[in-house]
Amino acid sequence: MASANGDKVELGFNIVTVTKQKKDWILLSLRVVAFLATASATIVMATNKQTKSLVVATIGTTPISVTLTAKFSHTPAFVFFVVANGCASLHNLAMIAMDMLGAKFDCKGLRFALIAILDLMAVALASAGDGAATFMSELGKNGNSHARWDKICDKFEPYCNRGGIALITSFIGNVLLLIITVMSIIKVLKQNRLNHVGP
Amino acid sequence: MAKTWRICLLLLRFLAFSATLASVIVVTTSHERVSFLTISIEAKYTNSAAFKYFVIAYSIVTVYGFLVLFLPQESLLWRLVVALDLVFTVLLISSISAALAIAQVGKKGNDYAGWLPICGQVPKYCDRVTGGLAAGLIAVITYIVLLLHSIHTVLDPLLLRKN
C-alpha cells in the first residue's frame, strides 16, 4: 500500500522513518557530565605520583637517604582503572560527537541499537575498573593483618588522597553511565513501538 | 525449532546458575591452617573484603538465577528480567574484577609496597580460590551472553522481526 504524496512507503518489510527528532537535551547533558567525570578520574589517577626520601643511616657526617616512589603504575589494578576510565571517556566523547554532529546518520535504523550496545559495554568496563581499584585502595589504606601486608597510606598520604578523589569521580561517572544506558535502551523500545515492531 | 531454542536457553540459564553456585561454594569452603614453629596462620575467605564482596554478590545472583529458571515463557515479567539481568551482570563484573585484583596481589605480591605473596605459604587455599574465581569468570561470560539475548528477545533492537 503506497501513499500517493506521503513520504512513507510501506513495502513488504518495515522501513524505519527518519523523522526530525527533538534533541534530547537531558541525555546530552548527562553524557557531558559523565565524560567530564570519567576523563578527570583518568587524568587524576594517571598523574598520581609521590616521591619521598627517607634517611636510613648516617655514615660519619653524610646521611644516606633512600628515595621511595608511589606511582599508579606499580599496581596492576590502578593501571586497569586508568585504561577502563580512558575507554569510557572516549566512548562518551564519541557519543557526544555523534549526537551533535551526526544526527543524520541512521545506519539502516540501527543507530539506537548500536548506541545502546556500546553504552552497555562502557558501563561494564567502567564498573570493572571501579571494583578493582576500590578494593586495591582499601587494601592500601587498611592493610591486611592476616597476610602481613602493611598499609601504605600513612606514609604516602597525598598519593592516597588523590587516588581517593579519582575513585569518587569515577563512581559518579559510572552511575551516570548506568542511567544513560537505561535511557538508551528505553529509546530503542520507543523506536520499535513507533515502527509497529513491538514485543 | 522454537522448542530447541527454548531448551537451549534454559540450559544456558542453568549453566549460569550452576557456575555462580559452584564458585560461591568453592570460595566459601576454602580455608587452610598452616603452622610452623609456634605460629599458625589461617587463611579464610573472610580475611579479605574483596572476597567477602565476591561471595555476597554471587550468592545474590545465584538466588536470582534460580528464580528465573522457573519463569514461564509467556509471562510479562520478562521485561523485568531484562532490567535485572543488566543490574546483576554489572554487579558480577564489578565483584569478579575486585576479587581478581586482590587474588593477583596474593599470588604475585607487590614489590613496591613490600607485600609478599601468600600463595607459597597456603597453596591449597590459593588453588581453591583460583578454581572459584575461574568458575566465577565462566558465570560472568554466560550472564553477558544471556543479557544480550534478553535485550534481543524483548526489545528486538536489530529489527529482525518482521511484523
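How much area does chain B expose, and what share of it do carbon and sulfur atoms supply? Let's work through that and a few related exercises on this predicted model.

**Exercise 1. Describe the surface and the interior of chain B.**

Solution. Start with the surface: chain B exposes about 8800 Å², and 72% of that comes from carbon and sulfur atoms. Next, turn to the interior, where 46% of the 163 residues of chain B count as buried. Finally, look at charge: chain B carries 13 positive and 7 negative side chains. The centres of these two sets lie 5 Å apart.

**Exercise 2. Work out how chain B is built and whether its fold is spread out or compact.**

Solution. First, list the secondary structure: chain B has four helices and two strands. Read from the N terminus, the order of these elements is α-β-β-α-α-α. Now apply the globule rule, which gives 15 Å for 163 residues. The radius of gyration of chain B is 19 Å, well over that value, so chain B is more spread out than a compact globule. As a further step, take the box along the principal axes: the C-alpha atoms fill roughly 75 × 30 × 25 Å. Then check the contacts of chain B between residues at least 6 apart in sequence; 73% of them join residues at least 24 apart.

**Exercise 3. Place Gly131(B) in its chain and classify its exposure.**

Solution. Begin with the element: Gly131(B) belongs to helix α4 of chain B, which covers residues 123-155. Its relative accessible area is 36%. Partly exposed covers values between 20% and 50%, so Gly131(B) is partly exposed. To close, compare positions in sequence and in space: Gly131(B) and Glu32(B) are 99 residues apart along the chain, and their C-alpha atoms are separated by 15 Å.

**Exercise 4. Give the same kind of summary for chain A.**

Solution. Count the elements: chain A has four helices and two strands. Their order from the N terminus is α-β-β-α-α-α. Of the 199 residues in chain A, 42% are buried. The exposed area of chain A is about 11300 Å², with 68% supplied by carbon and sulfur atoms. For contacts in chain A with a separation of 6 or more, residues 24 or more positions apart account for 72%.

**Exercise 5. Is Asn174(A) buried or exposed, and what does it touch?**

Solution. Locate the residue: Asn174(A) sits in helix α4 of chain A, residues 157-194. Its relative accessible area is 14%. The cut-off for buried is under 20%, so Asn174(A) is buried. Leaving out residues up to four places away in sequence, Asn174(A) touches Val123(A), Ala126(A), Ser127(A) and Asp130(A).

**Exercise 6. Find what stands out in the backbone of Arg148(A).**

Solution. Recall the general pattern: most residues other than glycine have a negative phi. Arg148(A) has a positive phi, near 60°. Its place is the loop between α3 (111-142) and α4 of chain A. With 54% relative accessibility, Arg148(A) counts as exposed.

**Exercise 7. Describe the contact between the two chains.**

Solution. Count the participants: 40 residues come from chain A and 35 residues from chain B. Together the chains bury about 3300 Å² between them, 71% of it on carbon and sulfur atoms. Last, pick out the main contributors on chain A's side: His74(A), Phe135(A) and Trp149(A) supply 19% of the area that chain A buries against chain B, more than any other three residues.

Key. Residues numbered from 1 in each chain as written. Chains lettered and ligands numbered in written order. Predicted model: local features only at pLDDT ≥ 70, side-chain atom pairs only at ≥ 80, totals over all residues. Heavy atoms only, no water. Rg over C-alpha atoms; globule rule 2.2 N^0.38 Å. Buried < 20%, exposed > 50% of the residue type's maximum accessible area, 1.4 Å probe, protein only. Contact = heavy atoms within 4.5 Å. Areas by Shrake-Rupley, 256 points an atom, 1.4 Å probe, with all protein chains shown as cover. Lys, Arg positive; Asp, Glu negative; His and termini not counted. Charge placed at Lys NZ, Arg CZ, Asp CG, Glu CD. Buried area = accessible area lost by both parts, 1.4 Å probe.
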